[in-house]
Amino acid sequence: MSLEKPYTNIPGTTIFDMDQARAGYHLNQFCMSLMKDANRKRFLADQRVYLDEWPMTEDQKLAVLAADLNRCIALGGNIYFLAKLGATHGKSFQQMAGSMTGRTEIEYRDMMIAGGRSADGNRVVGESGDAQANRQPQGHGTGKLLD
Amino acid sequence: MAKITASVYTSHVPAIGAAMDLKKDHEPYWQPLFKGYEKSKEWMKANKPDVIVLVFNDHATAFDLSMIPTFAIGCADSYTPADEGWGPRPVPRVQGHAALSAHIAQSVIQQDFDLTIVNHMDVDHGLTVPLSLMCGEQHPETGAWPCPVIPFAVNVVQYPVPSGQRCLNLGKAIRRAIESYESPDGKELNVQIWGTGGMSHQLQGPRAGLINLDFDKAFIERMVKDPEGLAKMPHVDYIREAGSEGIELVMWLIARGAMSDLRDAAHGEATAGKAPKEIHRFHHVPASNTSVGHLILENS
């Protein structure tokens, strides 16, 4: 029986379902390890060495090293787990979310203060909103959490 | 005896806790938000419950991917505020009510909801931010929350999360459990149930930052007047309209289901209670990435 996934036609959105969770298990558990201060220090001292202790795919490790959260999510990461990576880099949820839009921190913050991103045009793939694939990146950001 | 007297609904944005902890709550960015909770804090003081059942979700804090309970009830004597990666929030420990927890667990499982029983759990911003908003700032050592709290954690991180209908029905089961409690001293316990999370927000991907105030306002209106209809809304509508993290809103339906106007004939509860009395309603955009919504309902 094929599974019902009615959420795959929402633009700019990856739902952390069972398939994503299976692909991202070790990536997310690596992120959980950063809840401990000693691990945060060891990770920051040599990220590659720390990552090699985890049975993650090479693509997942490269996405973490690049601090590319969109890529991490595509490879099974979940934002609440990736938040531990963000916190380790001293970043807030707003900085993390903003990095995935291709906006700078200021550009993203201004969008939120102005009332946030409208759902109009962003409900279904193929509409004309700013979250649609053909409108990326949305600003002057690097798309990465770290410059 | 124990009775649910009121339900409280609020977002639980972590940045709100950080703003309070770092004394930024008087900054222009935050002031409109905290102003919206002034009335709530006064109401809390005037209507102090004996116990709060606090429905929230853990954000990859107590539960990692090794175990993901759909519904988990805290049965401990107390709970430590968690270090979520930025250090623990400087707030008091949360005292539990183990006797009422145990009673609810036994009763609700016997009503066919398979709760996970948790005897040790650190609690994250999902639980402590609503307490801070409703009770104000409390010193971590010399202060205290006004009453014991029963943490009730719902999985809304790993899809699929429980349906709105299941959440509403669970609320009804929790109400029946609470009403059948007999306290050792024979006094009637005044219990509040809180539903937290939401409102519209998305924290991931190019669609991050989505806010849908029309959806949020309509959701609160239906929460008050049409909870049975609202419970039928499918998951995909929450995601499409209110963002991938907006799905936290299903937790509000647990608290709403516990109000006495939703008594259920199938359980021999022939007389429905009166519609609840609305005490307070508040919206604010934004708190960090999120649309904040808040509602207080009292049983008539």
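Which residues point one way from β7(B), and which the other way? In this predicted model, V149(B), P151(B) and A153(B) go to one side, while I150(B), F152(B) and V154(B) go to the other.

## A strand with no open face

Let's stay with strand β7 of chain B, residues 149-154. The split just described fits a familiar pattern: in a regular strand, side chains alternate between the two faces of the sheet.

Here both sets of side chains belong to buried residues. Six of the six residues in β7(B) are buried, so the strand is largely enclosed by the rest of the structure.

## Its partners in the sheet

So who pairs with β7(B)? Take β2 of chain B, residues 51-56: five bridges join β2 to β7(B), and the two run parallel. One place to look is F56(B), whose bridge partner in β7(B) is A153(B).

Then there's β3 of chain B, residues 71-74, which is joined to β7(B) by three bridges and runs antiparallel to it. In this pairing, F71(B) sits opposite V154(B) of β7(B).

## Where chain B meets chain A

Now for the other chain. On the chain B side, 32 residues are in contact with 46 residues of chain A. The elements of chain B giving two or more residues to that side are α1 (14-21), α9 (235-242) and β9 (277-287). Of these, α9(B) gives the most, with four residues.

As for make-up, the side of chain B that touches chain A has 16 nonpolar residues, eleven polar ones and five charged ones.

Note on methods
Residues numbered from 1 in each chain as written. Chains lettered and ligands numbered in written order. Predicted model: local features only at pLDDT ≥ 70, side-chain atom pairs only at ≥ 80, totals over all residues. Buried ≥ 20, exposed ≤ 12 C-beta atoms within 10 Å, placed from the backbone. Pairing = 2+ DSSP bridges. Contact = placed C-beta atoms within 7 Å. Nonpolar A, V, L, I, M, F, W, Y, C, P; charged D, E, K, R; others polar.
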